[in-house]
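User: I would like to go through this model by question and answer. Please keep it brisk.

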Amino acid sequence: TATNRLVYGGYNTVIPNTVTTLGRDAFYGRTRLTQTSIPSSVTAMEEDVFYGTGLTSIVVPSSITHIGSNAFAHCLNLEKADIRGSNQTYGQSAFSNCPNLTRVKVAVVNPAAITANVFSNRTNATLYVPQGARDSYLVMDYWQDFQQIKEYPDHDVNQDGEVDVVDVVDIARYVVGTPRTEFEEFLADVNENDVVNVADAVVLVNEIVGNQNFVKAETAPAAMNDQLTLAQNEEDQSLSLCLSGSTGFTAFQMELHATEADVEEMALNAERKNGQQLIYNKVGEGLWRIVALSTSNHTLRQSEGEVLNIRLDYAGGDDIRLTDIHFVTAQGADITFPDLTLGDATGIETIGYGQPDAEDRANSKTIYDLGGRRLNETQRGVNIVGGKKVLVK
């Protein structure tokens, strides 16, 4: 049980998934608490749990069907509440005196009765309700007082009145940390997996063009891990992210860590891109977020070779790595790859261009692909020639 003895971690407190009850006053008055995630193991939330905390947003999982009195009262910084219980009820003043709470999303189709002080800021807030439920809320006391009542799914993520390719691009902008002011994260989780990433943009493209969505998130099988490599080019010291294999990827996202370098330029390989747009942004010291996607869901051309080239003002050292790597198929399947550190795939950190040189040919050096299969001659993409990577474009 979580009580006021639960360890408080400051700005972001993790509630263990062994907790089943958030007891009274568990985080009462903790103004430095700005983020937390309530696990689905929690089934009960008692009074005053987050009273007066510094939370800016909260997701109440579907495992909780009753929010205790004053549970989020006097949370002066709270802006968004996503309440997922399909039979949700509320204690007195559950969200009272939350002056910045302007977006509330609920999962209940037939609204429960509430009193005036449950949501005291409702005349300045937008309420998101399930598809087909708006009319029920419009005739219910106090629910009807919300400034706007909108139905979801509504993937007009930028709230301009149209669901179109601009929304797709705006999801990508959100991922790299440059969202427009009008962007609504509530609406951007298109595949409803509780994470907004480039896969949502791909699924939205499918929705716009009327295709059926086949949404699946999975970790790349071990057999696929060698298909993705990061290497340093001998010619200009730039970095090459190379992809092999026949999977039809249309988009990807990742984070670049380069603590002793700065990005001069990033570019998609001209021969591999197929209408993909590249968006990247520096989000911290030595940290960039990168997204590439096709707003027409075209898959990357060819099945071998460089996908992304990164020019740094310093491209050496062990500090260069890629994390949070997602490649997404045209159907919206989100494939997560392991982190990559420069040279991890083969222990060789540099690659050259073109065919094997005269010395290699004279010494009859063997040629392999990245899967370890011996080749009679080099092929498009990255080859291993005499223990050295060679990129054939």
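User: Which side chain does arginine 289 join in a polar contact of 3.0 Å?

Analyst: This is a predicted model: local features need pLDDT of at least 70, side-chain atom pairs count only at pLDDT 80 or more, and totals for chains, interfaces and linings use all residues. Residues are numbered from 1 along each chain as its sequence is written, and side-chain values use heavy atoms, with hydrogens and water left out. A polar contact is a pair of N or O atoms within 3.5 Å; within protein, one must be able to donate a hydrogen and the other to accept it, and residues adjacent in sequence count only if both atoms are side-chain atoms. At 3.0 Å, the partner of arginine 289 is glutamate 255.

User: Which elements does the salt bridge between glutamate 255 and arginine 289 link?

Analyst: A salt bridge is a side-chain nitrogen of Lys or Arg within 4 Å of a carboxyl oxygen of Asp or Glu. Glutamate 255 and arginine 289 meet at 3.0 Å, N to O. Helices (H or I, at least four residues) and strands (E, at least two) are DSSP runs, numbered from the N terminus. The two residues are 34 apart along the chain, and they link strand 15 (residues 249-258) with strand 18.

User: Is arginine 289 buried or exposed, or in between?

Analyst: Buried means under 20% relative accessible area, exposed over 50%, partly exposed in between (1.4 Å probe, protein chains only). Its partner glutamate 255 is buried, at 16%. Arginine 289 has a relative accessible area of 29%, so this residue is partly exposed.

User: What does arginine 289 contact, leaving aside neighbours within four places in sequence?

Analyst: Contact means heavy atoms within 4.5 Å. Arginine 289 sits in strand 18 (residues 287-294). Its C-alpha atom is 7.5 Å from that of glutamine 253, 36 residues away along the chain. The contacts of arginine 289 are Val175, Val176, Gly177, Met254, Glu255, Ile279, Tyr280, Asn281 and Val283.

User: How many salt bridges does the count come to?

Analyst: Side chains of opposite charge can pair when their charged atoms come close. One example joins aspartate 262 and lysine 282 at 3.9 Å, N to O. By the salt-bridge rule, the count comes to ten.

User: How many residues apart are lysine 80 and glutamate 185?

Analyst: Their side chains meet in a salt bridge of 2.9 Å, N to O. Lysine 80 lies in strand 7 and glutamate 185 in helix 3 (residues 185-188). Lysine 80 is buried at 13%, whereas glutamate 185 is partly exposed at 31%. Along the chain, the two residues are separated by 105 residues.

User: What is the order of the five strands in the open sheet?

Analyst: Two strands pair if DSSP finds at least two bridges between them. Strand 7 (residues 80-83) and strand 9 (residues 103-106) run parallel, joined by four bridges. The sheet is open, its pairing is parallel, and its order is 5-7-9-10-11.

User: Why is one side of strand 5 and of strand 11 left without a neighbour in the sheet?

Analyst: Strand 5 (57-60) and strand 11 (148-152) each have a single partner strand. One side of each is left without a neighbour because they stand at the edges.

User: Which residues touch the most other members of the largest nonpolar core?

Analyst: A nonpolar core is a set of buried Ala, Val, Leu, Ile, Met, Phe, Trp, Tyr and Cys residues joined through side-chain atoms within 4.5 Å. The largest one has 41 residues. Strand 5, strand 7, strand 9 and strand 10 (126-130) each give two or more residues to this core. The members touching the most others are Phe50, Phe72, Tyr90, Phe95 and Phe119.

User: Which backbone oxygen lies 2.7 Å from a polar atom of the side chain of arginine 122?

Analyst: Arginine 122 is in the loop between strand 9 and strand 10. Its relative accessible area is 10%, so arginine 122 is buried. At 2.7 Å, the backbone oxygen belongs to phenylalanine 119.

User: What is phi of tyrosine 142 near?

Analyst: Most residues other than glycine have a negative phi, and most peptide bonds are trans. Tyrosine 142 lies in the loop between helix 1 (134-138) and strand 11. Its phi is positive, near 75°.
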